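Here's a structure to explore together. Take a look at the sequence and the 3D view, then read on.

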Amino acid sequence: MFWTVSFDSEYSAFWRCVKAGAAYLVTQLCKMLVLATFFPTSDVSPGYMDFMGEFLRSTVDLADLVGLHLVMTKIAGKGQLKVLVAGVGWATAELVMTRLVPLWVGARGVEFDWKYIQMSFDANVSLVQHISTAALVWLWSRTDLQKSFLPIVMAFMALTCYRPLLIEVLSHVLGIQSWSLLLLKTTFTSCIGLVALQLYLTLTTGKQART
């Protein structure tokens, strides 16, 4: 009986992750339509960066926050379940759409290349990033969150949207590539994740203490 209940619970969580992945695909399709319509790619000279154009394109990533929020509103359960299902489903869909084919085809080649190891580490960093973003979105939607924490949550939500742009600017200015770039992504994501975790624990432990 216990095995049946456990299996049903895991099976339900699996399909919730699949639905979150489907929401990711729909969100990315909408983003591509907006980018192609309003922010077409412009020709930039080598060595230069169209900062304003990249900033406007990164602003479209706010749609990811909306998508995550809609996914979590459709999930019944505790906060940690909503955050994990939305984050894992979102990250898995991104992995399948952007990294699975290069990893599967390239990593099985005859010659070894470190870029596939870097790609694998980068996928794990993205997983942490998406779970942290889902946690921030969940915190933002809570009515029992302290008002003093709301600006912090909103600021870090904005950071998650503009994270690729900030990393690209830093790598362009500092000339960071390869493993150093991966370390920069890991550090940036870890900072966001630690803040999101601390805010989440503050809310949940405070709620338990009051009850």
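Let's start with Ser178, which sits in helix 8, the stretch covering residues 178-210. This is a predicted model, and in it Ser178 has a positive phi of about 55°, even though it isn't a glycine. Is Ser178 buried, partly exposed or exposed? With a relative accessible area of 40%, Ser178 is partly exposed, because that value falls between the cut-offs of 20% for buried and 50% for exposed.

Now for the record. An unreviewed UniProt entry carries the annotation "transmembrane region" for residues 21-39, 148-167 and 179-201. Here's how two of those spans look in the model:

| Span | Helix | Strand | Distance between end C-alpha atoms |
|---|---|---|---|
| Residues 21-39 | 95% | 0% | 25 Å |
| Residues 148-167 | 90% | 0% | 28 Å |

Next, a pair of helices. Two packed helices can be described by the angle between their axes and the distance between those axes. Helix 3 (residues 62-73) packs against helix 4 (residues 79-98) at an angle of about 130°, and their axes are 9 Å apart. That angle is why helix 3 counts as oblique to helix 4. The crossing of helix 3 past helix 4 is right-handed.

Which residues meet there? Helix 3 brings Asp64, Gly67, Leu68, Val71 and Met72, while helix 4 offers Lys82, Val83, Ala86 and Trp90. Sorted by class, this contact between helix 3 and helix 4 has 6 nonpolar, 1 polar and 2 charged residues.

Terms used:
Residues numbered from 1 in each chain as written. Predicted model: local features only at pLDDT ≥ 70, side-chain atom pairs only at ≥ 80, totals over all residues. Heavy atoms only, no water. Axes fitted to C-alpha atoms, helices over the stretch in contact; angles between N-to-C directions. Helix = DSSP H or I, 4+ residues; strand = E, 2+ residues; numbered from the N terminus. Parallel < 35°, antiparallel > 145°, perpendicular 65-115°, else oblique. Left-handed = near helix turned anticlockwise from the far one by under 90°. Contact = heavy atoms within 4.5 Å. Nonpolar A, V, L, I, M, F, W, Y, C, P; charged D, E, K, R; others polar. UniProt positions renumbered as here; feature names shortened; annotations may be inferred. Buried < 20%, exposed > 50% of the residue type's maximum accessible area, 1.4 Å probe, protein only.
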